[in-house]
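Here is a short report on a protein model. It looks at cysteines, a helix pair and a covered helix.

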Amino acid sequence: MYSAKQFVIKTLPTPGLPFNFDSTDSKATFELKTLELKESDLKEGEVLIESLLLSNDPAQKFWISSVDKNYAAGVQVGEIIPARGIAKILASKNGEFKAGDYVTGTIGWTTYAIIHDTKKAFLRKVSKEQVGDLSWHLSALGGTSLTAYFIFYHYAQFEENEKFNGKTILISGAAGAVGIVCIQIALHVFKAKKVIATAGGPEKIRYVEEFDPSRVVGVDYKDSNFKENLIKAAGGPNTVDLFIDNVGGDVLEIGTELLKPHSTLIVCGSISGYNDPSKLIYKSFVSVLTKRLTIKGVLLGDNIADFGKGLTKLSQMIEAGQLDISKAETLVDCTGEKFADVPNVWNGLFSGTNKGKLISKVNEY
């Protein structure tokens, strides 16, 4: 018998607006419930898992409360909050998995769960022995690092030759999970001349500049002179070869001004607008026309067929010292009674509490 703590939707939120994190409010977005699970409950094809680590992703905002059904269906009252993570198989009636296997996939905000459809949950086995810590499968070898890999090798179509060296690259949200890997790939694989990295606060600016003080210029978006500082860091308009945007809003508008004619804008996220729809409006389409810009939107799931290739390359980067694991993640203890903190830990993404990948540890391993 396993006593599972699970966060479910209590009140349907309004798409595009902030969630209600006050657990004492009758209209709170989330509710923490306890459910008893037994191995004997398993049906054919199902597995019983113990959640170990939960991935915190801005995209969960839209998995929970969808603004576009083409992207996600949303979650209904009583359903578990979706989240990717790492889990251990405790019992299995599925021929692809056995007790003791470690897996990654969509497991949700829960300490234990029965996964009914392992394919729909994108469950796949991962190794504990071949990595320094299981958390690597969510950070340096996880979805956000794969996103960074595909940004360069697929969407920007960079190749490892001199033609793609010496570029000036702008990365917004640079201290986040995707940004921190993009910085390292830009510097160490494609030998960027300059990386302009936007982040929030002096501590994060120091964090991103530590990768190479001579080539990384951090710009604090919380500074009242942010626009002027960003333009100065780039060297003026029409100086940036590639803009990787994780933020949207004002940063996207200024970054478009900085792009060279015929350059590329990669749209990976728009976190500034996830709780403020007014910041999802893009006003620089004239520049897209006059500069003949290429804009590409990134969804990791479009590249599933090449995940193996991407993970192999990321592993090679780690071995070559091009990707620093120690800077890739922020791990927060949410074990035991602290599981109640899971929603607030996730919400910290929107105020920039993390450096690198934000991971919640929910059980010992």
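The sections below take these topics in turn.

## Model and cysteines

The model is predicted. A disulfide is a covalent bond between the sulfur atoms of two cysteines. How many disulfides does a search of the whole structure find? The count is 0. Cys-182 is in no disulfide. Its nearest cysteine sulfur belongs to Cys-268 and lies 6.9 Å away. A disulfide needs the two sulfur atoms within 2.5 Å, so this pair does not qualify.

Is Cys-182 buried or exposed? Cys-182 has 0% relative accessibility, so it counts as buried. Cys-334 also has a relative accessible area of 0% and is buried. The cut-off for buried is under 20% relative accessible area.

## Packing of H2 and H3

Two packed helices are described by the angle between their axes and the distance between the axes. Helix H2 spans residues 143–155, and helix H3 spans residues 177–189. Their axes are 8 Å apart and meet at an angle of about 45°. H2 is therefore oblique to H3, because the angle falls in none of the parallel, antiparallel or perpendicular ranges. The crossing of H2 past H3 is right-handed.

Which residues of H2 meet H3? On the H2 side they are Thr-144, Ser-145, Thr-147, Ala-148, Tyr-149, Ile-151, Phe-152 and Tyr-153. On the H3 side they are Ala-177, Val-178, Val-181, Cys-182, Ile-185, Ala-186 and Val-189. By class, the contact has 12 nonpolar residues, 3 polar ones and no charged ones. Cys-182, buried at 0% relative accessibility, is thus part of the H3 side of this contact.

## Tyr-149

Tyr-149 sits in helix H2. Its relative accessibility is 5%, so Tyr-149 counts as buried. Leaving out residues up to four places away in sequence, Tyr-149 touches His-154, Ile-185, Lys-309, Gly-310, Lys-313 and Leu-314. One of these, Ile-185, is among the H3 residues that meet H2.

How far from Tyr-149 is Thr-110 in space? The C-alpha to C-alpha distance is 30 Å, with the two positions 39 residues apart in sequence numbering.

## Helix H6

Helix H6, residues 249–258, is mostly covered. Of its 10 residues, 8 are buried. They are Gly-249, Val-251, Leu-252, Glu-253, Ile-254, Gly-255, Thr-256 and Leu-258.

What covers the buried residues of H6? The cover includes strands E8 (168–171), E9 (194–199), E11 (240–245) and E12 (259–267). Helices H5 (226–234) and H7 (285–290) also contribute.

Key: Residues numbered from 1 in each chain as written. Predicted model: local features only at pLDDT ≥ 70, side-chain atom pairs only at ≥ 80, totals over all residues. Heavy atoms only, no water. Buried < 20%, exposed > 50% of the residue type's maximum accessible area, 1.4 Å probe, protein only. Axes fitted to C-alpha atoms, helices over the stretch in contact; angles between N-to-C directions. Helix = DSSP H or I, 4+ residues; strand = E, 2+ residues; numbered from the N terminus. Parallel < 35°, antiparallel > 145°, perpendicular 65-115°, else oblique. Left-handed = near helix turned anticlockwise from the far one by under 90°. Contact = heavy atoms within 4.5 Å. Nonpolar A, V, L, I, M, F, W, Y, C, P; charged D, E, K, R; others polar.
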